[in-house]
Amino acid sequence: MITIGNCSGFYGDRFSAMRDMLEGGRLDVITGDYLAELTMLILGKDTLKDPSTGYAKTFLRQVADSIDLALQRDVKIVSNAGGLNPAGLAAAIEALGTSAKVAYVDGDDLRGRLDSHPDALTANAYLGAFGIAHALDAGADIVVTGRVTDASVVVGPAIAHHGWKRDSYDELAGAVVAGHVIECGTQATGGNFSGFLTMSPQARARPLGFPVAEIAVDGSSIITKQDETGGTVTVDTVTAQLLYEIQGPLYLGPDVTTDLTSIRLEEVGIDRVAITGVTGTPPPATLKVAVNSLGGYRNSAEFVLTGPDIDAKAAWLRDQLDAELPIGPDYTWSTYRVPAPDSPTEEGAACILRLSARAADADAVGRALTAPAIELALASYPGFHVTAPPGRPSPFGIYKAAYVRRDRAPETVHLPDGSTYEVPAPLAYAEASRAPAETSRATGKVTTRPTGATSRRELGELVYARSGDKGGDANLGLWVPQGRSDAAVEWLLDTVTPEWVRQLLPEAEDLAIDITPLPHLRGVNIVIHDLLGEGVAASTRFDPQAKGLGEWARSRFVDMPLNLCPDGSTSETIR
């Protein structure tokens with residue numbers, strides 16, 4: 001067994017986590033995930049100013065703070081913090097003057113070499129875990145990489161420890177699942193968890209502990225956390241992370257295709273959840289590439305509407321501005337919720353109406369946008385004011401996914417002794433293409449109701465949810481938590497269709513939707529295509545990363561069979 005901890009789920013996570021994990025208990029490896037689609041764009045902008053940057057500087061400071069302790073306890077450190085410049089990060093770590101042996105993995109950076117996006121700011125193929133494993137086998141104490149899959153920083157150490165081969169598909173798939181669970185840090189221990197109220201006050205009072213995966217030679221694992229840390233590890237917190245940012249029954253990776261329908265979860269102790277039964281098959285023949293391009297500039301103005309006649313005030317403001325704003329930019333008005341009547345506070349009687357604009361030219365969304373808005377300060381609806389002074393335009397990025405042959409992105413390991421090693425290609429490939437198939441955009445509005453008596457209830461009374469972004473698509477996982485009836489699971493699996501989702505979430509009314517039943521996880525995965533437009537960096541949506549989408553879904557009323565209502569009562573009975 002190998003024990004692998006996580007100390008970072010994103011660039012900006014808790015700084016003390018690396019040292020906290022090293023001091024908190026026995027580990028063989030500590031890993032950190034610092035990269036996301038938005039992070040790559042941020043790092044790309046950094047390199048425009050200074051080509052010697054492009055890596056996660058926080059990680060370097062964490063290593064400087066903790067490397068002596070890691071060496072003393074013989075704990076390896078593996079991270080994708082190298083971003084666009086793993087060589088630069090490795091050199092910066094060596095410059096700290098420690099005795100640590102540092103290796104790095106690159107080959108993912110395709111800037112200027114991608115025919116379909118020749119002017120991309122960033123273009124990075126998702127590499128796998130065997131380069132990391134080779135570096136550890138060669139004696140590296142620290143391994144940093146460019147863009148590998150999030151799970152690879154966990155899979156690589158497991159490969160090195162257990163000696164798995166390229167065709168150890170079930171074992172690799174099991175480690176991918178363990179890596180997917182812990183890669184987002186405390187989301188596996190109660191963070192962003194719909195069932196947070198089921199956690200003890202003590203668990204919620206302390207900072208949530210970061211997760212640990214104990215991975216066995218057969219690829220099975222136990223997800224846990226260190227003692228005396230906050231949060232909790234249950235089947236439901238693990239399910240929440242498993243349903244996060246997946247896009248179907250098969251999890252396509254550079255080393256293995258993981259069958260998510262094969263996963264089995266079992267609580268085997270306090271804060272200990274076993275993952276077993278995971279199966280894998282050969283990986284796709286192509287690699288996915290995350291592409292970020294500069295899309296132009298955007299700006300916004302937020303208007304506060306207060307008191308009565310909210311709709312009329314909003315309509316007057318929009319009529320006034322529509323007549324003055326220049327033609328050309330892409331304008332978006334946000335929606336708003338009319339405040340409750342008779343509010344005891346002014347803030348409670350107010351709402352925000354936001355105007356966003358995007359254009360290729362910064363001047364088109366500079367004073368050309370803000371001046372007409374501010375000039376209405378004494379000439380528009382009663383109570384006119386804005387949330388902030390006029391702002392300057394900011395650049396935004398556009399995310400796209402591309403696919404390339406593996407020989408376009410050779411995975412290369414740079415070892416502590418100065419030698420290099422090119423990772424061999426997989427032994428076999430999946431027959432299916434890596435690129436997803438076209439999805440039907442049918443938008444039929446079929447009304448489905450359960451048979452028998454029902455009650456209009458919040459969906460969240462019966463299910464938990466977790467949501468997030470994959471480029472311009474939104475991912476939404478819904479599942480019935482432990483302790484609730486199997487009949488509720490059957491209802492969820494039978495009820496969730498694309499048409500039902502469009503009724504539940506009207507913003508998805510005209511969008512393509514994929515549904516994947518995951519009965520062993522007691523839930524379904526939903527992908528809503530193009531809900532987020534061109535990705536988080538370009539989106540003007542209220543929730544550009546779909547982080548709150550799941551909780552919005554849980555707040556919506558559905559026709560719930562009476563026998564499934566948690567308290568047996570009804571709010572509005574329908575027959």
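This passage walks through a predicted model of a protein, from its overall form to a few individual residues.

The overall picture comes first. The protein contains 14 helices and 27 strands. Its radius of gyration is 25 Å, close to the 25 Å that the globule rule gives for 575 residues, so the protein is as compact as a globular protein of that length. Along the principal axes, the C-alpha trace spans about 70 × 60 × 50 Å. Of the 575 residues, 55% count as buried. The accessible surface comes to about 24300 Å², and 51% of this area belongs to carbon and sulfur atoms. Contacts tell a story about the chain as well: among those with a separation of 6 or more, 75% are made by residues 24 or more positions apart.

The interior can be explored through its nonpolar cores. The largest of these has 72 residues, and I215, I223, V238, I263, L265, I275 and V289 are the members with the most contacts inside it. Helix α7, covering residues 169–182, supplies the largest share of this core, with nine residues. Apart from this core lies another one, of 32 residues, including L505, I528, V558 and L564. Back in the largest core, I223 shows what such a crowd of neighbours looks like. Setting aside residues within four places in sequence, I223 is in contact with A178, V181 and I182, among others. These three residues are themselves listed among the buried residues of α7. Other contacts of I223 include V212, A213, V233, V238 and I275, along with D271, R272 and V273.

Helix α7 deserves a closer look of its own. Its 14 residues should span 20 Å at 1.5 Å a residue, and the end C-alpha atoms are 20 Å apart, which agrees. Twelve of the 14 residues are buried, so the helix is largely enclosed by the rest of the structure. The buried set includes Y169, L172 and H180, together with the glycines G174 and G179.

A second helix, α3, offers another example. It runs over residues 57–72, which makes 16 residues, and reaches 23 Å from its first C-alpha to its last, close to the 22 Å expected at 1.5 Å a residue. The helix has a kink of about 55°, centred on S66. S66 is also one of the buried residues of α3, a list that further includes T58, F59, L60, Q62, V63, I67, L69 and A70. Cover for these buried residues comes from elements that include α1 (17–24), β3 (76–79), α4 (86–94) and β6 (142–145).

Just beyond this helix, the backbone has a notable feature. Most residues other than glycine have a negative phi. D74, which follows α3, has a positive phi of about 55° although it is not a glycine. The residue lies in the loop between α3 and β3, and D74 is exposed, with a relative accessible area of 55%. D530 also has a positive phi, near 70°, and is likewise a residue other than glycine. This residue sits in the loop between β25 (523–528) and α14 (549–555). With a relative accessible area of 37%, D530 is partly exposed.

Three residues in strands complete the tour. R354 is found in strand β16, which covers residues 350–359. With a relative accessibility of 14%, R354 counts as buried, because the cut-off for buried is under 20%. Neighbours within four places in sequence aside, R354 is in contact with S300, A301 and E302, with T332, W333 and S334, and with T540, R541 and F542.

I513 belongs to strand β24, residues 513–518. At 6% relative accessibility, I513 counts as buried. The C-alpha atoms of I513 and D473 are separated by 9.6 Å, although these residues are 40 residues apart along the chain.

E266 has its place in strand β11, residues 264–269. E266 and V235 are 31 residues apart in sequence, and their C-alpha atoms are 6.6 Å apart in space. The two residues also touch: not counting residues up to four places away in sequence, E266 is in contact with V235, R272, V273 and A274.

Methods. Residues are numbered from 1 along each chain as its sequence is written. This is a predicted model: local features need pLDDT of at least 70, side-chain atom pairs count only at pLDDT 80 or more; totals for chains, interfaces and linings use all residues. Side-chain values use heavy atoms; hydrogens and water are left out. Helices (H or I, at least four residues) and strands (E, at least two) are DSSP runs, numbered from the N terminus. The expected span of a helix is 1.5 Å times one less than its number of residues. The bend at a residue is the angle between axes fitted to the seven residues ending there and the seven starting there. Buried means under 20% relative accessible area, exposed over 50%, partly exposed in between (1.4 Å probe, protein chains only). Contact means heavy atoms within 4.5 Å. The radius of gyration is taken over C-alpha atoms; the globule rule is 2.2 Å times the number of residues to the power 0.38. Accessible areas come from the Shrake-Rupley method with a 1.4 Å probe; for residues, only the protein chains shown count as cover. A nonpolar core is a set of buried Ala, Val, Leu, Ile, Met, Phe, Trp, Tyr and Cys residues joined through side-chain atoms within 4.5 Å.
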